[in-house]
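Please take a moment to look over the sequence and the structure shown here before reading on. The paragraphs below are meant to be read with the structure open beside them.

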Amino acid sequence: REGSEIIQLFGRGVRLKGKDFSLKRSSALDGEHPVQIRLLENLNIFAVRANYMAQFRDYLEREGVETDGRVGISLAIKPNRIFLKKGLLVPKIPPERRFEDEYDVMLSPDPGIQITIDMSLKVESMRSRPDGLVAVAMSSGLEQVIPAESLVLVDWERVYLALLEYKEQKGFSNLVIQPSVLREILEPEDPRMYKLIADESIVRPSCFAEVSMLKEAVLSILRKYVEKFYRVRQERWDSEHMAYEVLNEKDTNFQDYVIRIPRSEAQLIKAVKNLIEEGKRIYKVDTRELPNIHFDRHLYQPLLVDKNDKIKSDPPGLKESEKDFVEHLRSYFYQEKDKSLLSKEIFLLRNLSRGKGIGFFNNEGFYPDFILWIKERKKQRIVFIEPHGMRMEKTYWSSDKARLHERLSKLSKEWGKKAGIRDVILDSFIISATPYTELKQYYGTGDWSKDKFANVHILFLEDDDYSIRLFA
């Protein structure tokens, strides 16, 4: 039945009878088989219309077929409820305050907003393999700029009305769009606020049908620009109006895992399932079957590591630099807990990305990877930490991430004053995975010392003693 429905959806398919009319693929039969037989047994599906493949994938998922060829396994986290009774504070938006009610957003050209639209010709196929379905996609197209003479061909009134409709659909009730600003967003050459991947005929139409595609390109760019513009303004407002709340396990940073493993990895699937069903080791020690790092000062267990290419998880496991940081912190804590840290309590929490974790915004959003609490009697020092390659950040003065500690110093005073709290300090550090000898080339005249980097809260993973700086 399912095979016939697939053929009805896409047009034509071929069913092979299999060896001895068994209707089975060679992978399900014992014995030796011709070398190239699997090529004949694959049903390759090509969709001409863009939404056909999406419909097919939705249908398969409704029927319980994993379209990415992976098995999904649930893994519940275990929050440390004793730690959560310590009154750890986090900055949050008070529930009674709403961006939509308190702030009007006026759409305008902003060089800090950069968006990409891909309208290139695409071909997508799904191939059936013994380990599941595999999607293969190809595209063609070059980066294009919409010239001024093409912008004249656009019906701007219709574009404006379409954007008003889009605004209502997205629920941007406090967004104000003036008709004249739309063309201003598309016109600047330096800096250009969009990147368009498309055929040249879309930006330089030679017939009426191609003008329609030009309009679609303009609308696609503006819709995406509007959404990003609005989100950045909203998140800036959020970071300015946060207040302290006591952390609890309902915080969106506490997310259960879904583990995904290729169906072909039967032994690995069995090992991971056994580990989870056992319900002990994964929460108490580092494990090999499902890579994790156990640090008993983290606010939940387990803390998975993205180490095995065959194992993927949602939320994703720690990257290499993040894992290294936790290992270094763990080692330093166990070494110093009865010495320099004797009077301090240490708590760590992985901070998830957009929509779940705590973010800070100036020009672009930044969600530091970890939150470290250092408690000493009634005092709390809340440190946001980002173990991060710095190759793309370049100079200190142009990096919102590197300069976050400056903003937090001011914000901690403002938020503390509002809440009547004096014993909370906010801080941040970048732990650079980029080596010192490489990074210093982009700072000043290339003569910054490690002490100078440390003074602006940039430390280096390559240094064994950087953890000391976090607690100074």
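What follows is a walk through this predicted model, from the whole chain to its sheets, a helix, some aromatic rings and a few special places in the backbone.

It helps to begin with the protein as a whole, which has 16 helices and 22 strands. Of its 472 residues, 44% count as buried. Among the contacts in the protein with a separation of 6 or more, 72% are between residues 24 or more positions apart.

We can turn next to the sheets. Strands of a sheet pair through backbone hydrogen bonds, either parallel or antiparallel. One open sheet is formed by five strands in the order 16-19-20-21-22, and its pairing is mixed. Which strands stand at its edges? They are strand 16 (345-350) and strand 22 (458-460), and because each has a single partner strand, one side of each is left without a neighbour in the sheet. From one strand to the next, the twist averages 25°. The pairing of strand 16 with strand 19 (residues 370-376) is antiparallel and runs over six bridges, and within this pairing L348 has L372 in strand 19 as its bridge partner. Helix 13 (residues 404-419) packs on this sheet, where it touches strand 20 (379-388) and strand 21 (424-432), and its direction makes about 170° with that of strand 21.

One residue of this sheet deserves a slower look, namely I431, which is placed in strand 21. Is I431 buried or exposed? With a relative accessible area of 0%, I431 is buried, since the word is used for values under 20%. Leaving aside residues up to four places away in sequence, I431 touches F325, I385, E386, P387, H388, L459, F460, L461, Y466 and L470. One of these, I385, is 46 residues from I431 in sequence, yet the two are 7.2 Å apart in space, C-alpha to C-alpha.

A second open sheet is formed by three strands in the order 6-11-9, again with mixed pairing. Strand 6 (115-118) and strand 9 (142-144) stand at the edges, and as each has a single partner strand, one side of each is left without a neighbour in the sheet. Neighbouring strands here are turned by 30° against each other on average, direction ignored. Strand 9 and strand 11 run antiparallel and are joined by three bridges, and the bridge partner of E143 in strand 11 is I197. Helix 9 lies across strand 6 and strand 11, and runs at about 145° to strand 6.

Helix 7 shows how burial can be arranged around a helix. In helix 7 (residues 179-186), the residues V181, L182, I185 and L186 are buried. These four cover an arc of only 135° around the axis, which puts them on the same side of helix 7. A general rule is useful here: an α-helix has 3.6 residues a turn, so residues three or four places apart point the same way. The cover over the buried residues of helix 7 includes helix 5 (148-151), helix 6 (156-170), strand 11 (194-198) and helix 9 (208-240).

Aromatic rings offer another way to trace the fold, and the structure holds 18 aromatic pairs. In one of them, the rings of Y332 and F471 have their centres 5.5 Å apart and their planes at 20°, so the pair is stacked. Because Y332 lies in helix 12 (residues 320-336) and F471 in the segment after helix 16 (466-470), the pair ties together parts that are 139 residues apart in sequence. Y332 counts as buried at 12% relative accessibility, and F471 counts as buried at 11%. Elsewhere, ring pairs link F99, Y103, F172, Y230 and W237 into a cluster. Charged side chains also meet rings: R192 lies over the face of Y194, at 5.5 Å from the ring centre, and R233 lies over the face of F229, at 3.9 Å from the ring centre.

Finally, some places in the backbone reward attention. A cis peptide bond, with omega about 0°, joins Q301 and P302, and P302 is in the loop between strand 14 (300-301) and strand 15 (312-314). A cis peptide bond also joins D314 and P315, with P315 in the loop between strand 15 and helix 12. R377, a residue other than glycine, has a positive phi near 60°; R377 is in the loop between strand 19 and strand 20, and counts as exposed at 74% relative accessibility. H457 is not a glycine either, and has a positive phi of about 65°. H457 is found in the loop between helix 15 (450-455) and strand 22, and is buried, with a relative accessible area of 15%.

Terms used. Residues numbered from 1 in each chain as written. Predicted model: local features only at pLDDT ≥ 70, side-chain atom pairs only at ≥ 80, totals over all residues. Heavy atoms only, no water. Buried < 20%, exposed > 50% of the residue type's maximum accessible area, 1.4 Å probe, protein only. Helix = DSSP H or I, 4+ residues; strand = E, 2+ residues; numbered from the N terminus. Arc of directions from axis to C-beta. Contact = heavy atoms within 4.5 Å. Phe/Tyr/Trp six-rings, centres within 6.5 Å; stacked < 30°, edge-to-face > 60°. Lys NZ or Arg CZ within 6 Å of the ring centre and 35° of its normal. Pairing = 2+ DSSP bridges. Axes fitted to C-alpha atoms, helices over the stretch in contact; angles between N-to-C directions.
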